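Student: I'm about to open a structure that is new to me, and I'd like to talk it through with you. Could you take me around it slowly?

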Amino acid sequence: MRARLIDGKAFAAGLVERVAAAAARLEAAHGIKPGLAVVIVGEDPASQIYVRNKGETTARAGMRSDTHRLAETTTQAELLALIAQLNADAGIHGILVQLPLPIHIDSAAVLGAIDPDKDVDGFHVVNAGRLAVGLPGLVPCTPLGSVMLLKEALSELSGLNAVIVGRSNIVGKPMAQLLLAENCTVTVAHSRSRDLPALCRAADILVAAAGRPEMIRGDWIKPGATVIDVGINRVPSADPVKAAEGKTRVVGDVALAEAVEMAGAITPVPGGVGPMTIACLLANTYTAACRAAGVEPETLAG
Ligand code: NAD
């Protein structure tokens, strides 16, 4: 079998277009332009790139995009004061604090200070609780995008065995909640799980979110399974000369070349789940703006 590659890049581009169109209709009908504020503290180069991409994509979608760049020396009190100001700003519907924060700042205290209705990352405990009990809230972007890709690949998820490798608060656990809501039978595996290959072989849907480069081998995959590879791992270039020069490449948690021989469909890395994260951030900002205005959000999933 040769798996179909699930094109997350194309799906994400379509989602951004749908969000942009829905946001334009919201503005035309109700005079509300969805606004996203991104806060970054310090100079971490990777975070700078993420923040720039988020800002540019938000603006391209016709939404208000504010970026607050704070010095590494910013105190927790100063950061909390900015969050309070953004919470009170009626033109801002989404607030995202780029992680990691400098070590002198308590990340949990900062994330907990964001108004849950503006928490477009979906990390606030109120949103985690809403997801767990099936109330409308804001869902973490990477699992949200992963489920959209799964629904595109499989028309019906109900009754399927889903195995998630990884139990983090930002990927594994919300993914488990979303797949339960789709009536999957969900297993969450983690670093202490026994016989991970056997657990994975039982999966109709396998979600890899362990942050371990190419850990999941082809013979761990049930023939025809749908595989969502969330992992983003930077490893030395496959070319030894380039590797010696320090060149790197990005791989997922799944050994893609082996997995395509077993799976029915699989997200590649790069170009699978990754592009969905920013697209879902915009979708969450649009949703938050609609709710703030008491307007029913349009369906965006595609
Ligand atoms: P994390 O480190 O917080 O959690 C990793 C989880 O994997 C843990 O629950 C751990 O128990 C489990 N794990 C680790 N080693 C394991 C092993 N050998 N066997 C079984 N389970 C194991 O990571 P995270 O933040 O959830 O991210 C996971 C991966 O997803 C990373 O590669 C990260 O870069 C990537 N990621 C991608 C996006 C995206 O936009 N596509 C977003 C977030 C995270």
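Tutor: Before anything else, a word on terms: contact means heavy atoms within 4.5 Å, while helices (H or I, at least four residues) and strands (E, at least two) are DSSP runs numbered from the N terminus. Axes are lines fitted to C-alpha atoms, for helices over the stretch in contact, and angles run from 0 to 180 degrees between N-to-C directions. This is a predicted model, in which local features need pLDDT of at least 70 and side-chain atom pairs count only at pLDDT 80 or more, whereas totals for chains, interfaces and linings use all residues. Residues are numbered from 1 along each chain as its sequence is written, and side-chain values use heavy atoms, with hydrogens and water left out.

Student: Okay, so which strands does helix H7 lie across?

Tutor: Helix H7, residues 172-181, lies across E5, E6 and E7, and its direction is at about 170° to E5.

Student: And what is the order of the strands in the open sheet?

Tutor: The open sheet has six strands in the order E1-E11-E8-E7-E5-E6, and their pairing is parallel; two strands pair if DSSP finds at least two bridges between them. Strand E1 (4-5) and strand E6 (185-189) stand at the edges with a single partner strand each, so one side of each has no neighbour in the sheet.

Student: How many bridges join E5 to E6?

Tutor: Five bridges join strand E5, residues 161-165, to E6, and the two run parallel. Within that pair, Asn161 stands opposite Thr185 in E6.

Student: Where does H6 lie?

Tutor: Helix H6 lies across E1, strand E7 (205-208) and strand E8 (226-229), and runs at about 155° to E8. Helix H6 (residues 141-153) also packs with helix H11 (residues 274-293), at an angle of about 105° and with their axes 8 Å apart. That makes H6 roughly perpendicular to H11, a label used for angles of 65 to 115 degrees, with under 35 counting as roughly parallel, over 145 as roughly antiparallel and the rest as oblique.

Student: Which residues of H6 and H11 meet?

Tutor: On the H6 side they are Cys141, Thr142, Leu144, Gly145, Met148 and Leu149, and they meet Met276, Thr277, Cys280, Leu281 and Asn284 in H11. Seven of the residues in this contact are nonpolar, four are polar and none is charged. Here Ala, Val, Leu, Ile, Met, Phe, Trp, Tyr, Cys and Pro count as nonpolar, Asp, Glu, Lys and Arg as charged, and the others, Gly among them, as polar.

Student: Changing topic, how many salt bridges are there in the whole structure?

Tutor: A search of the whole structure finds 10 salt bridges, a salt bridge being a side-chain nitrogen of Lys or Arg within 4 Å of a carboxyl oxygen of Asp or Glu. In one of them the side chains of Glu298 and Arg25 meet at 2.7 Å, N to O. Glu298 lies in the segment after H11 and Arg25 in helix H1 (residues 8-30), so the pair ties together parts 273 residues apart in sequence.

Student: Which residue forms a salt bridge with Glu182?

Tutor: Lys151 does, with the closest N and O atoms 2.9 Å apart. The pair links distant parts of the chain, since Glu182 is in the loop between H7 and E6 and Lys151 is in helix H6, 31 residues apart. Glu182 is partly exposed, with a relative accessible area of 23%, and Lys151 also counts as partly exposed, at 42%. The cut-offs are under 20% relative accessible area for buried, over 50% for exposed and partly exposed in between (1.4 Å probe, protein chains only).

Student: What about Asn127, buried or exposed?

Tutor: Asn127, which is found in helix H5 (residues 125-133), is buried, with a relative accessible area of 2%. Leaving aside neighbours within four places in sequence, Asn127 is in contact with Pro116, Asp119, Gly122, Gly137 and Leu138.

Student: Last one, which peptide bond to Pro100 is cis?

Tutor: The bond from Leu99 to Pro100 is cis, with omega near 0°, and Pro100 is in the loop between strand E4 (94-97) and helix H4 (107-113). The bond from Val269 to Pro270 is cis too, with omega near 0°. As background, most residues other than glycine have a negative phi, and most peptide bonds are trans. Asp195 has a positive phi, near 45°, and counts as exposed at 51% relative accessibility.
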